[in-house]
Amino acid sequence: GARQRQQSPAPPPPPQQQRRDPQQQRREVDLRGFVVPLVDDVVRYPSKWPGEYLLGAVDYVQVLPDDEGYIVDVRPLRAYGKERWGTKRGTKLLQEDPGRLRVVKEASYDPRRDE
C-alpha cells in the first residue's frame, strides 16, 4: 500500500516582543506621574531647538533598579511623503526619560514596513 507522507510541524515563530492591543495593556505611570509609553508607541520628544518636536517609535522600555524610574529607547522616525513615517536601517536609538515623551495617539508604527 501507499504510505501517506507526514508533514513535519511548522517551526515556532522567532521570539519577539509581544505586539500589543492598546486597549488591553495597562499603562504604567512613573513616580512623578508621567505615563510610560509602550513598545511600538509613537511618541514626540523635544528636538535641540526650543518649541520644536520630533517623532519616534518606542523600541524598548527599561525599568531602572531601586524604583529609580524608567529609560525608554526611542527609534527616530522620519517623514517619507506627507503621511508615511519610518526609520532608516542603522539609525541609532535615543535613550529618553518618560517625562520628555508624549504618546501620539493618532499615529501608529509598524516596524515591518521600515526600509
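**Exercise 1. Which residues make up the largest nonpolar core, and which strands supply at least two of them?**

Start with the criterion. A nonpolar core is a set of buried Ala, Val, Leu, Ile, Met, Phe, Trp, Tyr and Cys residues joined through side-chain atoms within 4.5 Å. Buried means under 20% relative accessible area, exposed means over 50%, and partly exposed lies in between (1.4 Å probe, protein chains only).

Step 1. The largest core has six residues: Val43, Tyr45, Val58, Val72, Val74 and Leu101.
Step 2. β3 and β5 each supply at least two residues of this core. Strands here are DSSP runs of E, at least two residues long, and helices are runs of H or I, at least four long; both are numbered from the N terminus.
Step 3. A second, separate core has five residues, among them Val42, Leu77, Val104 and Tyr109.
Context: in soluble globular proteins, nonpolar side chains tend to be buried together.

The model is predicted: local features need pLDDT of at least 70, side-chain atom pairs count only at pLDDT 80 or more, and totals for chains, interfaces and linings use all residues. Residues are numbered from 1 along each chain as its sequence is written, and side-chain values use heavy atoms, with hydrogens and water left out.

**Exercise 2. Which residues does Tyr45 touch, not counting those up to four places away in sequence?**

Step 1. Set the cut-off: contact means heavy atoms within 4.5 Å.
Step 2. Read off the partners of Tyr45: Glu52, Tyr53, Leu54, Leu55, Gly56, Val74, Pro76, Leu94, Glu96, Arg100 and Leu101.
Step 3. Widen to the whole protein. Among contacts between residues at least 6 apart in sequence, 40% join residues at least 24 apart.

**Exercise 3. In what order do the five strands of the open sheet stand?**

Step 1. Two strands pair if DSSP finds at least two bridges between them.
Step 2. The order is β8-β5-β4-β3-β9, with antiparallel pairing.
Step 3. Find the edges. β8 (94–96) and β9 (102–103) each have a single partner strand, so one side of each is left without a neighbour in the sheet.
Step 4. Go through the pairs.

- β5 and β8 share three bridges; Val72 has Glu96 as its bridge partner in β8.
- β4 and β5 are joined by seven bridges, and Val63 stands opposite Tyr70 in β5.
- β3 (residues 42–46) and β4 (residues 53–63) pair over five bridges. Val43 is bridged to Gly56 of β4, and Pro46 to Tyr53.
- β3 and β9 are joined by two bridges, with Arg44 opposite Arg102 of β9.

Step 5. Check the cover on β5. Six of its seven residues are buried, so β5 is largely enclosed by the rest of the structure.

**Exercise 4. Where do Gly51, Asp66 and Asp40 take a positive phi?**

Step 1. Gly51 belongs to the hairpin of β3 and β4, which has six residues between the strands; its phi is near 80°.
Step 2. Asp66 has a phi near 60° in the hairpin of β4 and β5, which also has six residues between the strands.
Step 3. Asp40, a residue other than glycine, has a positive phi near 80°. Asp40 lies in the loop between β2 (35–36) and β3.
Context: most residues other than glycine have a negative phi.

**Exercise 5. Asp40 and Glu68: buried or exposed?**

Step 1. Asp40 is buried, at a relative accessible area of 12%.
Step 2. Glu68 is exposed, at 59%. Glu68 sits in the loop between β4 and β5 (70–76).
Step 3. Locate Glu68 in space. Its C-alpha atom is 9.0 Å from that of Asp30, 38 residues apart along the chain.

**Exercise 6. Which residue lies over the face of Tyr53?**

Step 1. A charge sits over a ring if NZ of Lys or CZ of Arg is within 6 Å of the ring centre and within 35 degrees of the ring normal.
Step 2. The residue is Arg44, at 4.0 Å from the ring centre.

**Exercise 7. How many helices and strands does the protein have, and what share of it is buried?**

Step 1. The count is zero helices and nine strands.
Step 2. Of the 115 residues, 27% count as buried.
Step 3. The protein exposes about 9,500 Å², with carbon and sulfur atoms supplying 48% of that area (Shrake-Rupley method, 1.4 Å probe; for residues, only the protein chains shown count as cover).
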